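Reader: I am new to this structure and would like to learn how to read it. Could you walk me through it, one feature at a time?

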Amino acid sequence: MNKLATLASAMLLSFSVNAAQEVSGVSVPDSVSVEGTSLNYQGAGVRSKFFIDLYVGSLFTQTASKDVIKSQDVSAIRLNIISGLITSEKMVSAINDGFDSATAGNTAPISAEIAEFIGVFSAEIAKGDQFTLVSTPGKGLVTYKNNEKLSTINNDVFRQAVLSIWLGDEPADDDLKEDMLGL
């Protein structure tokens with residue numbers, strides 16, 4: 001009976017930890033509907049650099065997974081810009097660095113896709129902007145800015161590289177990765 005009570009408590013804690021929340025002033029919803037698929041909140045955190053909060057990164061999945069990159073489910077990463085210090089140039093540079101880490105420096109096979117994706121971030125970026133990256137295994141990645149579709153890239157290797165920027169072995173921010181995965 002004691003093990004059952006412990007298991008029930010752990011399950012309740014799990015649900016409360018994964019409940020949608022407000023993160024650094026951004027209201028992160030319980031679920032989102034993207035590309036005709038309903039996705040559930042898995043986790044969210046803040047990307048900080050030099051003690052400055054830059055954006056809230058949140059992860060939405062069909063089924064919670066610790067290995068979203070290899071999962072066969074649709075998922076979405078949402079970036080809510082919370083700092084006026086983020087510029088297009090800084091975001092492009094950070095994403096290029098992310099691709100270098102995600103591919104162990106071997107970006108050549110997906111260089112055309114990277115160039116197209118980087119174009120999404122070439123326009124002015126302002127505090128309050130929201131980017132949503134919808135990952136569909138076997139297909140690719142669709143990118144939105146403020147709910148406007150800007151890019152569709154049909155390449156699964158590229159899609160996995162994008163997810164790896166935030167959720168891979170060498171993520172842009174280890175703490176953010178853990179928060180997004182709900183660890």
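Author: Gladly, and let us begin with one residue. F121 has a relative accessibility of 0% and therefore counts as buried. Buried stands for under 20% relative accessible area, exposed for over 50%, and partly exposed for what lies in between, using a 1.4 Å probe and protein chains only.

Reader: What kind of model is this, and how are the residues numbered?

Author: This is a predicted model, in which local features need pLDDT of at least 70 and side-chain atom pairs count only at pLDDT 80 or more, while totals for chains, interfaces and linings use all residues. Residues are numbered from 1 along each chain as its sequence is written, and side-chain values use heavy atoms, leaving out hydrogens and water.

Reader: How do I read a pair of aromatic rings, and which one involves F121?

Author: A pair of aromatic rings is described by the distance of the centres and the angle of the planes. Rings of Phe, Tyr and Trp (its six-membered ring) pair if their centres lie within 6.5 Å; planes under 30 degrees apart are stacked, over 60 edge-to-face, and the rest tilted. A search of the whole structure finds six aromatic pairs. In one of them, F117 and F121 sit edge-to-face, at 5.3 Å centre to centre with 75° between the planes. F117 is also buried, with a relative accessible area of 0%.

Reader: Which other ring does F117 pair with?

Author: F117 and F158 form an edge-to-face pair, 5.6 Å centre to centre and 70° between the planes. This pair links distant parts of the chain, since F117 is in helix α3 and F158 in helix α4, 41 residues apart. F158 counts as buried too, at 0% relative accessibility. Ring pairs link F99, F117, F121, F131 and F158 into a cluster.

Reader: What is a nonpolar core, and which residues touch the most other members here?

Author: In soluble globular proteins, nonpolar side chains tend to be buried together. A nonpolar core is a set of buried Ala, Val, Leu, Ile, Met, Phe, Trp, Tyr and Cys residues joined through side-chain atoms within 4.5 Å. The largest one here has 34 residues, and those touching the most other members are I77, F99, F117, F121, F158, W166 and L167. Among the elements that give two or more residues to this core are β5 (52–61), β6 (75–81), α2 (88–102) and α4 (156–167). The most comes from α4, with seven residues. Apart from this core lies another, of 16 residues, among them V23, V26, L39 and I82.

Reader: Where do names such as α4 and β5 come from?

Author: They are DSSP runs numbered from the N terminus: helices are H or I runs of at least four residues, and strands are E runs of at least two. The protein chain has five helices and nine strands.

Reader: In what order do the strands line up in the open sheet?

Author: Two strands pair if DSSP finds at least two bridges between them. Seven strands form the open sheet, in the order β3-β4-β5-β6-β7-β8-β9, with antiparallel pairing. β3 (31–34) and β9 (148–153) stand at the edges, each with a single partner strand, so one side of each is left without a neighbour in the sheet.

Reader: How many bridges join β5 to its neighbours?

Author: β4 (residues 37–49) and β5 pair in the antiparallel sense over nine bridges, and β5 and β6 do so over seven. In these pairings, G45 has G57 in β5 as its bridge partner, while L59 has I77 in β6. β4 and β5 also form a hairpin with two residues between them, where F50 in the turn has a positive phi of about 50°. Eight of the ten residues of β5 are buried, so this strand is largely enclosed by the rest of the structure.

Reader: Could we finish with one residue of the sheet?

Author: Let us take T132, which is found in strand β7. T132 counts as buried, at 4% relative accessibility. Its side chain makes a polar contact with the side chain of R78 (3.0 Å). A polar contact is a pair of N or O atoms within 3.5 Å; within protein, one must be able to donate a hydrogen and the other to accept it, and residues adjacent in sequence count only if both atoms are side-chain atoms. As for the neighbouring strand, six bridges join β6 to β7, which run antiparallel.
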